[in-house]
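User: Could you take a close look at one part of this chain for me, a single side chain and its surroundings, and then walk me over to the sheet? I'd like one connected answer.

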Amino acid sequence: MTEELKTGGQHGYLRIATEEAFATEEQINAILRLVKEGRADKGTVSLWGFYGTSPSERTTFIRERLLDLGDLRLAAMDEAGIDKAVLALTSPGVQSIHDVEEAKGIASRANDHLATACERHPDRFIGMTAICPQDPEWSAQELKRGKEELGFVGVQVNSHTHGHYLDEPQFDPILRACADMGIPLYIHPQGPPDEMIGSMVDAGLEGAIFGFAMETSFHALRLLTTGVFDRYPSLDLVLGHGAEGLPFWIDRLNYMFNAGVRSQRYERLKPLQHNLHHYLRNNVWGTNSGLPSPASIKLMMDVMGEDRVLYAMDYPYQYVPDEVRMLDAMDITDETKRKFFQTNAERLFNL
C-alpha cells in the first residue's frame with residue numbers, strides 16, 4: 001500500500017485516534033525505582049524492566065516517543081494521517097506506586113504537563129485525566145479539576161490497583177464522579193497482579209500479547225456482572241483492543257452468568273436489570289487499538305452497534321501507518337466509516 005496518508009479529511013472524515021500514550025520522566029523514574037528496589041509486582045517488573053532499560057531499537061523508539069508531546073509526535077501523526085489524538089498517561093500510570101502522596105503528585109503534575117501540550121496544539125491533542133485510585137476521594141476531585149479546569153474529556157485507569165478493581169466499594173467515588181460529570185472511563189491494561197500472573201512471564205504471554213487482555217476483560221466483567229451499570233446507568237466504559245474480546249465472547253458470558261445467578265453458587269452474582277448484551281450495547285464503547293483487523297472491527301459493530309466502535313492506533317507501542325490505509329479501505333459504508341474514525345469519538349468525548 002503506497003497511497004499517501006493525509007490529515008484534513010480527504011476521505012470525508014477526520015481520523016481521531018482514541019488510545020494514544022504519553023509518559024513523564026518523573027513517572028518512569030518512579031516506576032524504575034520500584035523495579036530496582038524489588039518493590040514492583042511481576043507484571044511491572046516484566047513490562048518496565050524491559051521497556052525502561054533495553055537499548056533495542058523498538059524500546060528506544062517507544063521511550064523517546066512516550067516522552068514527546070511536540071514535534072516527533074506531530075510528525076508521526078502527520079505521517080499516519082491522524083488528525084487528532086486522545087492522550088493518556090501510559091500504563092501503569094501511578095497505580096503501581098506504593099507511596100500514595102508521591103503517586104498523587106506525579107499524576108497531578110502529569111495532568112498539568114498534558115494540559116500545557118493540549119493548549120499548545122489544541123487542534124491535534126485531546127487529554128484524558130490521570131488519577132490515583134489508591135486515594136478514591138482525591139481522584140474524584142482530580143477528575144473534576146481535569147474536566148472543569150484542564151479541559152480533559154475522559155479518565156484512564158490502568159486496570160487493577162495493587163490487585164484491586166473498580167467494582168470494589170472503596171472505589172465508588174471514582175465511578176460516581178464519572179457518572180455524575182459525564183466523564184468516560186477508559187480501562188486500559190497493565191500486567192496482571194501477582195496472584196493472577198502465574199507462569200505467564202515464563203511463557204512470554206503476560207503482556208500485550210495475552211495477559212493484558214485477559215486481566216482487563218476480567219476487570220470489565222467484574223463491572224458488568226455486579227450491578228455497576230444498574231447503579232450508574234449513564235456511566236460510559238471504554239475498552240480498547242477489540243473491547244478486550246468481550247464482543248466475541250458475549251453470548252457464552254451472558255448464558256453462563258445467568259446460570260451462575262440461578263445456581264446461587266456465588267455471593268457476588270445477583271440478578272441484573274438487563275442481560276449482558278444490553279450493557280455492552282448501552283454502556284460500553286470499544287476501540288480497535290492494536291487490532292487493525294476489519295473482520296474484528298465488523299464483529300464489534302455487529303455486536304455492540306456501529307455507533308459504539310472507535311478508531312485507535314495505540315501509539316507509540318504499535319505504530320504502523322499501513323494499518324490506517326487498510327482501515328481506510330474497509331468494506332463498510334462511508335457513513336459507518338465516518339462514525340468509526342470521527343463522529344463516534346466526537347460524541348463519546350463531547351468534542
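Analyst: A polar contact here is a pair of N or O atoms within 3.5 Å, where one must be able to donate a hydrogen and the other to accept it. Keep in mind that this is a predicted model.

Let's start with Ser217, which sits in helix H10, residues 211-225. Its side chain has a polar atom 2.8 Å from the backbone oxygen of Ala213. The Ser217 side chain also reaches the backbone oxygen of Met214, at 3.0 Å. Is Ser217 buried or exposed? Its relative accessible area is 3%, and the cut-off for buried is under 20%, so Ser217 counts as buried. Leaving aside residues up to four places away in sequence, Ser217 touches Glu244, Leu246 and Trp249.

Now for the sheet. It is an open one of 6 strands, in the order E4-E5-E6-E7-E8-E9, with parallel pairing. E4 (129-130) and E9 are the edge strands; each has a single partner strand, so one side of each has no neighbour in the sheet. As background, strands of a sheet pair through backbone hydrogen bonds, either parallel or antiparallel.

At the E4 edge, 2 bridges tie E4 to E5 (residues 155-157), and the two run parallel. Ala130 stands opposite Gln156 in E5.

Over towards the other edge, E8 covers residues 284-287. Val284 and Gly286 point one way from E8, while Trp285 and Thr287 point the other way. Whichever way they point, all four are buried.

E8 has a parallel neighbour in E7 (residues 237-239), joined to E8 by 3 bridges. One pairing to look for is Val238, whose bridge partner in E8 is Trp285. E8 also runs parallel to E9 (residues 309-310), and 2 bridges join them. There, Thr287 has Leu310 of E9 as its bridge partner. To get from E8 to E9, the chain passes through helix H15 (residues 294-304), and this β-α-β crossover is right-handed. H15 lies across both E8 and E9, running at about 170° to E8.

If you're clicking through the model, try Ser217 with the backbone oxygens of Ala213 and Met214, then go on to Trp285 and its bridge partner Val238, and finish on Thr287 with Leu310.

Notes:
Residues numbered from 1 in each chain as written. Predicted model: local features only at pLDDT ≥ 70, side-chain atom pairs only at ≥ 80, totals over all residues. Heavy atoms only, no water. Buried < 20%, exposed > 50% of the residue type's maximum accessible area, 1.4 Å probe, protein only. Pairing = 2+ DSSP bridges. Right-handed = clockwise from strand over helix to strand, strands pointing away. Contact = heavy atoms within 4.5 Å. Axes fitted to C-alpha atoms, helices over the stretch in contact; angles between N-to-C directions.
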